[in-house]
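Hi,

Here is the structure I promised to pass on. Have a look at it first, and then read my notes below.

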Amino acid sequence: MNIDTINLLQGIDNLAFGMEKSSIVAALGNEYDEEIDESGDIHLEYSKIGLEFTFWSDEGFRLGIISSNRDTLTLCEKCLIGKRKEEIRLFVKEELNSVISEADGCDHEDGLIQEWIYVDSLWVSFWFQNDSLYQVDWMCDWVDNENPKW
């Protein structure tokens, strides 16, 4: 299975937001770590393939967020991981025809500078360490403030 193409607001390749955990496991196998956070959400981390799936407890444990640090991850047919922050800013403007909603930075405990760019209209975050993109998080679209658009 090719799992490199981000489909903003929809999923990654043929894995779609709104799917249940059993469907993701059927597609990717049992080699994952599972964690339940303080909200009761389930996180499946497939570290060998650089993907994490978050299933929201308040939405019937349906897939709501995907995170990836895959070197081969693409969006608009462009590889993203390792790109500089300014390259991603330009990409958001020119390729995604969007504006950055928020940007922030903080000192990471190991001395690395961690920063992020968030594009509200597309529900996507780009995470940087020392000016290099290392992870992308994206989620489903919303009908309104309380109802995801599966």
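Before the notes, one cut-off: a residue counts as buried under 20% relative accessible area, as exposed over 50%, and as partly exposed in between. Trp150 has a relative accessible area of 34%, so it lands in the partly exposed class. Do keep in mind that this is a predicted model.

Trp150 is a good place to start. Its ring forms an aromatic pair with Trp56, with 6.3 Å from centre to centre and 45° between the planes, which makes the pair tilted. The two come from distant parts of the chain: Trp56 sits in strand 6 and Trp150 in the segment after strand 15 (148-149), 94 residues apart. Unlike its partly exposed partner, Trp56 is buried, at 8% relative accessibility. Ring pairs also tie Trp56 and Trp150 into a cluster with Trp123 and Trp142.

A search of the whole structure turns up 6 aromatic pairs. Another of them joins Trp56's and Trp150's list of tilted pairs: the ring centres of Trp116 and Trp127 are 6.1 Å apart, and their planes meet at 40°. Here strand 11 supplies Trp116 and strand 12 supplies Trp127, 11 residues apart. Trp116 is buried, at 19% relative accessibility.

Trp150 also shows up next to a glycine. Leaving aside residues up to four places away in sequence, Gly18 touches Arg62, Leu63 and Trp150. Gly18 lies in the loop between strand 3 (15-16) and helix 1, and its 12% relative accessibility puts it among the buried residues.

On to the core. The largest nonpolar core has 37 residues, and Phe53, Leu80, Phe126, Val136 and Trp138 have the most contacts inside it. Several elements each supply at least two of its residues, including helix 1 (21-28), strand 6 (51-56), helix 2 (85-94) and strand 13 (132-139). As a general point, nonpolar side chains in soluble globular proteins tend to be buried together.

Which residues of helix 2 are buried? They are Lys85, Ile88, Phe91 and Val92. Looking down the axis of helix 2, these buried residues fall within an arc of 115°, so they line one face of the helix. Their cover includes strand 8 (74-75), strand 9 (78-79), strand 11, strand 12 and strand 13. On the face turned away from the buried side, helix 2 carries the exposed residues Lys93 and Glu94.

Cheers

How values were computed
Residues are numbered from 1 along each chain as its sequence is written. This is a predicted model: local features need pLDDT of at least 70, side-chain atom pairs count only at pLDDT 80 or more; totals for chains, interfaces and linings use all residues. Side-chain values use heavy atoms; hydrogens and water are left out. A nonpolar core is a set of buried Ala, Val, Leu, Ile, Met, Phe, Trp, Tyr and Cys residues joined through side-chain atoms within 4.5 Å. Buried means under 20% relative accessible area, exposed over 50%, partly exposed in between (1.4 Å probe, protein chains only). Helices (H or I, at least four residues) and strands (E, at least two) are DSSP runs, numbered from the N terminus. Contact means heavy atoms within 4.5 Å. Rings of Phe, Tyr and Trp (its six-membered ring) pair if their centres lie within 6.5 Å; planes under 30 degrees apart count as stacked, over 60 as edge-to-face and the rest as tilted. The arc is that of the directions from the helix axis to the C-beta atoms.
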